[in-house]
Amino acid sequence: TSFFHAYCGCDTTSAVFGKGKKSAWEAWKCYPDATKAFCFSRTNPFTHTKADSQHFQHLERWTVILYDKSSNIESVNEIRRVLCCQRGKAMQDLPPTQSVLVVEHTRRASYKASVWSTCHLPQDDLPSPEGWGWTQDNGSWQPLWTASNSFYTNVR
């Protein structure tokens with residue numbers, strides 16, 4: 001799907017560090033319920049992702065599997081703890097935190113996939129990238145690399 005492509009990294013969205021499309025495809029084969037999340041942006045373009053939404057919960061579980069195919073953990077925050085504390089993985093080998101996954105990565109991928117899914121319409125009515133994982137800096141759009149502290153308290 002277009003969301004899968006955007007989520008795994010494309011020209012305007014970053015890939016999850018150290019995880020390419022082949023790893024993502026293998027994780028998808030292990031967790032077919034991720035299809036529901038991948039198709040969500042196509043059927044619901046420009047819908048914001050929230051941590052408590054069902055499609056995000058599927059994405060979060062799929063992301064856990066991307067890092068540990070044998071895990072039954074549901075939360076990226078929990079798999080981060082396990083991989084770091086129990087298995088000694090380096091920081092760069094850990095999945096993103098839940099807040100980064102929601103606000104920055106998933107929303108950027110959703111925005112990009114939504115643009116692609118509406119490209120057949122004769123007139124684009126695209127929302128501003130602000131709030132979709134980008135911020136404007138000196139007149140150009142830049143990826144938002146860190147969410148505000150106020151968001152972190154609302155995710156838990």
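Arg61 is buried in this predicted model, with a relative accessible area of 11%. That value falls under the 20% limit, which is why the residue earns the label. Arg61 belongs to helix H4, which covers residues 54-67.

What does the side chain of Arg61 reach at 2.9 Å? Its partner is the backbone oxygen of Ser71. Ser71 also appears in the wider list of contacts: once neighbours within four places in sequence are set aside, Arg61 is in contact with Tyr31, Ser71, Asn72, Ile73 and Glu74.

**Where H4 meets H3**

Let's turn to the packing of helix H4. Helix H3, made of residues 34-43, packs against H4 at an angle of about 125°, and the two axes are 8 Å apart. An angle between 115 and 145 degrees is neither roughly perpendicular nor roughly antiparallel, and H3 and H4 are therefore oblique to each other. The crossing of H3 past H4 is left-handed. On the H3 side, the contact is made by Ala34, Lys36, Ala37, Phe38 and Phe40, while H4 brings His55, His58, Leu59 and Trp62. Sorted by class, this contact of H3 with H4 has six nonpolar residues, two polar ones and one charged one.

One of the H4 residues in that contact, His55, deserves a closer look. His55 sits in helix H4 and counts as buried at 11% relative accessibility. Not counting residues up to four places away in sequence, His55 touches Ala37, Phe40 and Thr49. Ala37 and Phe40 are also among the H3 residues that make the contact with H4.

**A residue in H2**

Is Trp25 buried, partly exposed or exposed? With a relative accessible area of 45%, Trp25 is partly exposed, because that class lies between 20% and 50%. Trp25 is part of helix H2, residues 21-30.

**Pairs separated along the chain**

Both His55 and Trp25 have a partner for which a C-alpha separation is available, as the table shows.

| Pair | Separation in sequence | C-alpha to C-alpha distance |
|---|---|---|
| His55 and Phe40 | 15 residues | 7.0 Å |
| Trp25 and Phe4 | 21 residues | 9.0 Å |

For His55, the pair in the table ties in with the contact list, since Phe40 is one of the residues that His55 touches.

Definitions and conventions: Residues numbered from 1 in each chain as written. Predicted model: local features only at pLDDT ≥ 70, side-chain atom pairs only at ≥ 80, totals over all residues. Heavy atoms only, no water. Helix = DSSP H or I, 4+ residues; strand = E, 2+ residues; numbered from the N terminus. Buried < 20%, exposed > 50% of the residue type's maximum accessible area, 1.4 Å probe, protein only. Polar contact = N/O pair within 3.5 Å; in protein donor to acceptor, adjacent residues only side chain to side chain. Contact = heavy atoms within 4.5 Å. Axes fitted to C-alpha atoms, helices over the stretch in contact; angles between N-to-C directions. Parallel < 35°, antiparallel > 145°, perpendicular 65-115°, else oblique. Left-handed = near helix turned anticlockwise from the far one by under 90°. Nonpolar A, V, L, I, M, F, W, Y, C, P; charged D, E, K, R; others polar.
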